Amino acid sequence: MYRYKFTIFTPTYNREYTLSKLYEDLKKQTYNDFEWLIVDDGSTDNTEELVKKFIEEDVLDIRYIKKVNGGKHTAINTGVKNANGEFFFIVDSDDGLMPNSMDLVIQEWNKVENKDEFCGVVGLCSKMEDGKTLGTEIPDEHLICHFAELYYKFGVKGDKTIVFLTDILKHYPFPEREGIKFLPESVVWYEISKYYKVICINEPMIIREYLEDGLTRNILKKSALKGRALEYLYLTNQNTYPFKDFPYMWIKNYINLARYSLLSDSKYFKEINKISDKFMYILCFPLGYYKYLRQKKFVKE
């Protein structure tokens with residue numbers, strides 16, 4: 001049994017200047033059965049002192065864990081292991097949170113009868129600068145689906161709010177590898193999608209802002225590109241995109257594995273598990289090389 005209904009989980013790295021806004025949003029939540037679990041991924045600013053002040057106010061149930069810097073995916077692993085909430089709700093340190101976010105999740109979750117088939121709830125994100133929805137809404141006829149289908153079958157675009165059952169996340173930890181501090185969440189989210197459905201809500205829950213020091217703005221740094229290459233290696237070995245379900249993504253995966261390996265000077269060919277996947281990688285390599293040539297001038301050290 002879990003102590004709380006929700007763990008609001010915030011991975012953070014040198015974000016002292018953004019956490020106070022999220023703290024204020026959490027104090028305004030209409031649903032109160034939650035803990036705020038902050039995993040500090042090796043910050044060198046005054047994040048720890050700021051969080052201590054939050055804790056001293058004794059308004060929210062807050063736990064703070066500081067770890068050696070390893071990247072967001074390693075912070076998520078730490079968070080899942082230490083979560084005391086039935087639902088694991090990732091809210092980044094530069095995000096805002098709508099006051100009714102958890103109420104929306106509970107309302108939809110309570111409608112689900114065969115809960116064993118589901119891993120969580122998906123909602124919308126809105127932009128901090130103007131409040132408009134990020135990307136597109138979810139088609140009404142596909143509000144119950146597998147998460148990967150939203151993007152690769154139904155044409156949905158843009159970031160979404162994702163709330164997972166903690167028990168399921170515990171069975172799908174992010175792989176950790178020395179020297180890799182960025183590993184996209186698709187490695188786990190889409191793998192879970194092979195086995196479980198989500199229930200979707202066309203309501204915004206998270207308010208998102210993209211900062212200059214954020215992951216999205218730094219995606220072409222060589223350190224991030226190494227993580228992208230590793231991402232596509234894992235997606236290939238896991239067969240995350242089966243050909244029968246996602247033929248376009250199945251092919252694109254080999255192309256991207258070649259492209260990002262070249263862009264990041266990574267060598268993962270020997271780690272491709274199946275002979276058939278190695279063959280497809282070789283077959284798609286020219287397209288990957290073409291994409292590499294078009295992008296290499298934009299790579300940042």
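How many helices and strands does the secondary structure of the protein chain come to? Here are some notes to read alongside the model, which is a predicted one.

1. **The overall picture.** The count comes to ten helices and nine strands. The chain has 301 residues, and a compact globule of that length would have a radius of gyration near 19 Å; this chain has 20 Å, so the two agree. Along the principal axes, the C-alpha atoms fill a box of roughly 60 × 45 × 40 Å. Buried residues make up 52% of the chain. Look also at who touches whom: among contacts with a separation of 6 or more, 79% are between residues 24 or more positions apart.

2. **Strand 6, a good place to start.** Find residues 118–127, which form strand 6. Nine of its ten residues are buried, so the rest of the structure largely encloses this strand. Which strands does it pair with? With strand 9 (residues 197–208) it pairs in the parallel sense, over eight bridges. One of the pairs to look for is Lys127, whose bridge partner in strand 9 is Arg208. With strand 8 (residues 160–165), strand 6 runs antiparallel, and five bridges join the two. Here you can look for Gly120 and its bridge partner Phe164. While you have strands on screen, keep a general rule in mind: in a regular strand, side chains alternate between the two faces of the sheet.

3. **Helix 4, mostly covered.** Helix 4 spans residues 101–109, and seven of its nine residues are buried. Among them are Met102, Leu104, Val105, Ile106 and Trp109. Notice that the buried set also includes Ser101 and Glu108.

4. **The largest nonpolar core.** This core has 89 residues. Which members touch the most others? They are Phe6, Ile8, Trp36, Phe89 and Trp189. Trp189 is a nice one to display: leaving out residues up to four places away in sequence, it touches Ile90, Phe147, Ile162, Phe164, Leu169 and Phe174. You have already met Phe164 as the strand 8 partner of Gly120.

5. **Leu37 in strand 2.** Leu37 sits in strand 2. Is Leu37 buried or exposed? Its relative accessibility is 0%, so Leu37 counts as buried. Setting aside neighbours within four places in sequence, its contacts are Thr7, Ile8, Phe9, Thr10, Arg63, Ile65, Gly79, Asn82 and Ala83. One of these, Ile8, is also on the list of core residues that touch the most other members. For a sense of scale, pick Tyr254 as well: it is 217 residues from Leu37 along the chain, and their C-alpha atoms are separated by 37 Å.

6. **Ser43 in a loop.** Ser43 lies in the loop between strand 2 (34–40) and helix 2 (47–57). A loop residue can still be buried, and Ser43 is, with a relative accessible area of 5%. Its side chain makes a polar contact of 2.6 Å with the side chain of Asp40. Beyond residues up to four places away in sequence, Ser43 touches Thr12, Tyr13, Asn14 and Lys66.

7. **Salt bridges.** Side chains of opposite charge can pair when their charged atoms come close. The whole structure holds 21 salt bridges, and three of them are worth a visit.

   - Glu57 pairs with Lys27, with the closest N and O atoms 3.8 Å apart. Glu57 is in helix 2 and Lys27 in helix 1 (residues 16–27), so this pair ties together parts that are 30 residues apart in sequence. Glu57 is partly exposed at 44% relative accessibility, and Lys27 is partly exposed at 33%.
   - Asp159 pairs with Arg208, at 3.3 Å between the closest N and O atoms. The two are 49 residues apart: Asp159 is in the loop between helix 5 (147–152) and strand 8, while Arg208 is in strand 9. Asp159 is partly exposed at 30%, whereas Arg208 is buried at 12%.
   - Asp265 pairs with Lys222, with the closest N and O atoms 3.0 Å apart. Asp265 is in the loop between helix 9 (247–264) and helix 10 (275–295), and Lys222 is in helix 8 (residues 222–238), so the pair ties together parts 43 residues apart in sequence. Lys222 is buried, with a relative accessible area of 18%.

   Salt bridges can also share partners, and in this way Glu24, Lys27 and Glu57 are joined into one network.

Notes:
Residues are numbered from 1 along each chain as its sequence is written. This is a predicted model: local features need pLDDT of at least 70, side-chain atom pairs count only at pLDDT 80 or more; totals for chains, interfaces and linings use all residues. Side-chain values use heavy atoms; hydrogens and water are left out. Buried means under 20% relative accessible area, exposed over 50%, partly exposed in between (1.4 Å probe, protein chains only). Helices (H or I, at least four residues) and strands (E, at least two) are DSSP runs, numbered from the N terminus. Two strands pair if DSSP finds at least two bridges between them. A polar contact is a pair of N or O atoms within 3.5 Å; within protein, one must be able to donate a hydrogen and the other to accept it, and residues adjacent in sequence count only if both atoms are side-chain atoms. Contact means heavy atoms within 4.5 Å. A salt bridge is a side-chain nitrogen of Lys or Arg within 4 Å of a carboxyl oxygen of Asp or Glu. A nonpolar core is a set of buried Ala, Val, Leu, Ile, Met, Phe, Trp, Tyr and Cys residues joined through side-chain atoms within 4.5 Å. The radius of gyration is taken over C-alpha atoms; the globule rule is 2.2 Å times the number of residues to the power 0.38.
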